[in-house]
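Subject: The model, and its strands

Hi,

Here is the structure I promised to pass along. Please open it beside this message and follow the strands as you read.

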Amino acid sequence: MRNTKTAEPWIEQGLGPFGPAALKPYSRTRFATDGSALLKIYVGIDPEGRRQREVATVERAALWGISVPAVLATGNDEAESWTVFRTVDGSPCSVSTHSAIEEYIGHVVAVSGRLHRPIAGATPGSGWEARQASVASSHQFLLDQFSPRCRSLPWWAVLSEALQPIDSHPVVRLHGDLKPEHLLIDGERLHVVDWEASACGPAVLDYTDVVFHLVRDLLYGGMPPGRIPVDLLTRLPFSGPVLAWRLLLWLDRRRTRDIDLITAHDVYRLAAEEQAAASAYRSLAQSVALLRAAGVPR
């Protein structure tokens, strides 16, 4: 049996005790029993890379005046990578009403305005740190996030070709996961948490992630596709190919068989640039609703 010092290295730094773990697909989180801190243990995809990326990004974001949780301690051992953050006050953005969604999108735009500034000489990739230009293009950065099995599927060539126009977009700093639960409202103050998916790439990646998660979560929460607030979604920059990519990435990271539910025609329909943004968002809603009906878990 591993001793307590090895099993819980944050204890030697005077942190904790922490309560029961809340399980997420790629992390376990535990709040301190006095509410002062949050322990995050990274699991699944590249735990150590995500730990290093989040710590470095949080420190940079704070320098730019974005309210983020302070890092109290971080580290890794043979078993796990982890970070302890100071908790911040506030409640997650609500998306329960049309006005709440409008307010949430306003917060997204405000945060993005601080982040989405072109960076001279930057290359696409995970994190904000300087890197060798190992990824040749933004579209290749997106394709590289799929598991190898996707390259043999019928839609791969369609998506690859459709994504190439984003190579002309400026490369900016991205949060990577601007979900409602990652934007905490404390009176007039906005706190931004969970930076492990930070990256450099086209700004449309952040906006598309917002659209995808909002559509998916509203539909899985029981909202009919026809009631999705397309009028609000169209305020965010539109890219049909990136919408298709985000839907496919979600499926690729679910159960093995889920990705087989998408055909080349589905990808072509979602990625078609000649669509109006409203039509593209409705197509996304219809696709997610069909996947939900097919039993794909959120």
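Below is what turned up in the strands and in one helix that packs on them.

Please keep in mind that this is a predicted model.

Let's begin near the start of the numbering. Strand β1 covers residues 22–24 and runs antiparallel to β2, residues 27–31, with three bridges joining the two. The link from β1 to β2 is a hairpin of two residues. If you want a pair to look at, find L23, which stands opposite R28 in β2.

β2 also pairs with β3 (residues 37–42), again in the antiparallel sense, through five bridges. Here S27 has Y42 of β3 as its bridge partner. The hairpin between β2 and β3 has five residues in between, and G35 in that turn shows a positive phi of about 80°.

Now for the open sheet. Three strands make it up, in the order β6-β9-β10, and their pairing is antiparallel. β6 (91–92) and β10 (189–192) are the edge strands; each has a single partner strand, so one side of each has no neighbour in the sheet. β9, residues 183–186, pairs with β10 over four bridges, and I185 has L190 in β10 as its bridge partner. Helix α3 (residues 98–115) packs on this sheet and touches both β9 and β10. The direction of α3 makes about 105° with that of β9.

As general background, strands of a sheet pair through backbone hydrogen bonds, either parallel or antiparallel.

Happy viewing, and write back with any questions.

Best wishes

Definitions and conventions. Residues numbered from 1 in each chain as written. Predicted model: local features only at pLDDT ≥ 70, side-chain atom pairs only at ≥ 80, totals over all residues. Heavy atoms only, no water. Pairing = 2+ DSSP bridges. Contact = heavy atoms within 4.5 Å. Axes fitted to C-alpha atoms, helices over the stretch in contact; angles between N-to-C directions.
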